[in-house]
Amino acid sequence: MSTTNTTSGNWQFNLDNIMYIVNSFLSYSSIMLNIVAIHALRKTLSLPTTLKTLLLSLAVSDLGVGLLVQPWRIAGLAMGLLQHDGRPNFTVYIAYKITMNVFYYASFLGVMVLAVERFLAIHLHLRYQRLVTHKRVVTIVISLWVISVFLSLFMLEIRKVRLVIYTTVEVLCLISTALLFFKIYLTVRRHSRQIQSIQPAGGQNSVSRKKTSAVATLYVYLVFLACYLPQNCLQIASISHGSQDTLYDNFEIYTLTLVFLNSSLNPLIYCWKMKQIRKAILNVLRNMNPRHN
């Protein structure tokens, strides 16, 4: 019996050790990539200010994950490694939990708002600039962060009913966003066909720009879904099971690492799918390299 417990303890220790290294790497990559992305977004003048504001908010939340959330998580893992019991200091745990929830919900809500903004840009046409103003978007972004702080404090003491409510809302938001992107895809494809039939040789610049930004936002959502869905599924399993046992804790180590990975992937998506941001990022990197100065 003692041999089994020792083996299990060694396995858990090795897992924590691996996660410590992985999270250290992801923290560094998230900080560096998002600092470059934020600087590049500020330098990109060709992007609509509304879209730029939402992307900046998302990049800030991703930067916060690398700058605040993961260091607290690394500290907790390090303390668990030193104690060999997986129990970090209570103060470290509370700091980690608050910061994680703030940036978790800021990223989650940011992606949802980004999808709505692209949907309105595609469907409102000329009315878009009149209805979706920069001032209104800034107000929405500020509200988004206030809500994230409120939810993070509210979720400190998780009760089953509260967890059910939040998980249900998250799942509904993910489904609604998927439907929005499906509508965006159908609308962009219809507009492209209409313009090709009227002006086959040109006149597609506006639609092309909207299509590019919509596709980039879609990739942000798909990567976000791949990284966040396992954590949501784990929460659903926890609700169905009725408790959070050791098995839940072991799986949560992996699912939260996936969530944190998302913060390093988003800047790569901006660079890959949006030409304006890619050019700005390359210029930033050239200026950072003294050989090109």
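How many helices and how many strands does the protein chain have? In this predicted model, the protein chain has 9 helices and 0 strands, and its elements, followed from the N terminus on, run α-α-α-α-α-α-α-α-α.

The UniProt record, an unreviewed entry, places the feature "transmembrane region" at residues 20–41, 53–74, 94–116, 137–158, 164–186, 214–231 and 251–272. Two of these spans are set side by side in the table below.

| Span | Helix | Strand | Distance between end C-alpha atoms |
|---|---|---|---|
| Residues 20–41 | 100% | 0% | 31 Å |
| Residues 251–272 | 100% | 0% | 31 Å |

Turning to the chain as a whole, 43% of the 293 residues in the protein chain are buried, and the area that the chain exposes comes to about 16100 Å², with 66% of it supplied by carbon and sulfur atoms. Of the contacts in the protein chain between residues at least 6 apart in sequence, 81% join residues at least 24 apart.

When the whole structure is searched for cavities of 30 Å³ or more, 1 is found, and the largest cavity holds about 40 Å³ of space. The residues that line the largest cavity are V65, V69, M100, F103, Y104, Y228, V259 and F260, and by class this lining has 8 nonpolar residues, with no polar and no charged ones. At least two lining residues come from each of α2 (49–83), α3 (90–124) and α8 (246–273), while the largest share of the lining, 3 residues, is supplied by α3.

Methods: Residues are numbered from 1 along each chain as its sequence is written. This is a predicted model: local features need pLDDT of at least 70, side-chain atom pairs count only at pLDDT 80 or more; totals for chains, interfaces and linings use all residues. Side-chain values use heavy atoms; hydrogens and water are left out. UniProt positions are given in the numbering used here, feature names are shortened, and annotations may be inferred rather than shown by experiment. Helices (H or I, at least four residues) and strands (E, at least two) are DSSP runs, numbered from the N terminus. Buried means under 20% relative accessible area, exposed over 50%, partly exposed in between (1.4 Å probe, protein chains only). Contact means heavy atoms within 4.5 Å. Accessible areas come from the Shrake-Rupley method with a 1.4 Å probe; for residues, only the protein chains shown count as cover. On a 1 Å grid over the protein atoms alone, a cavity is a set of points where a 1.4 Å probe fits but cannot get out, and a pocket is an open set with protein on both sides within 12 Å along at least five of seven lines; lining residues have an atom within 4 Å of a point. Grid points are joined across faces, edges and corners, and a volume is the space filled by probe spheres set on the points. Ala, Val, Leu, Ile, Met, Phe, Trp, Tyr, Cys and Pro count as nonpolar, Asp, Glu, Lys and Arg as charged, and the others, Gly among them, as polar.
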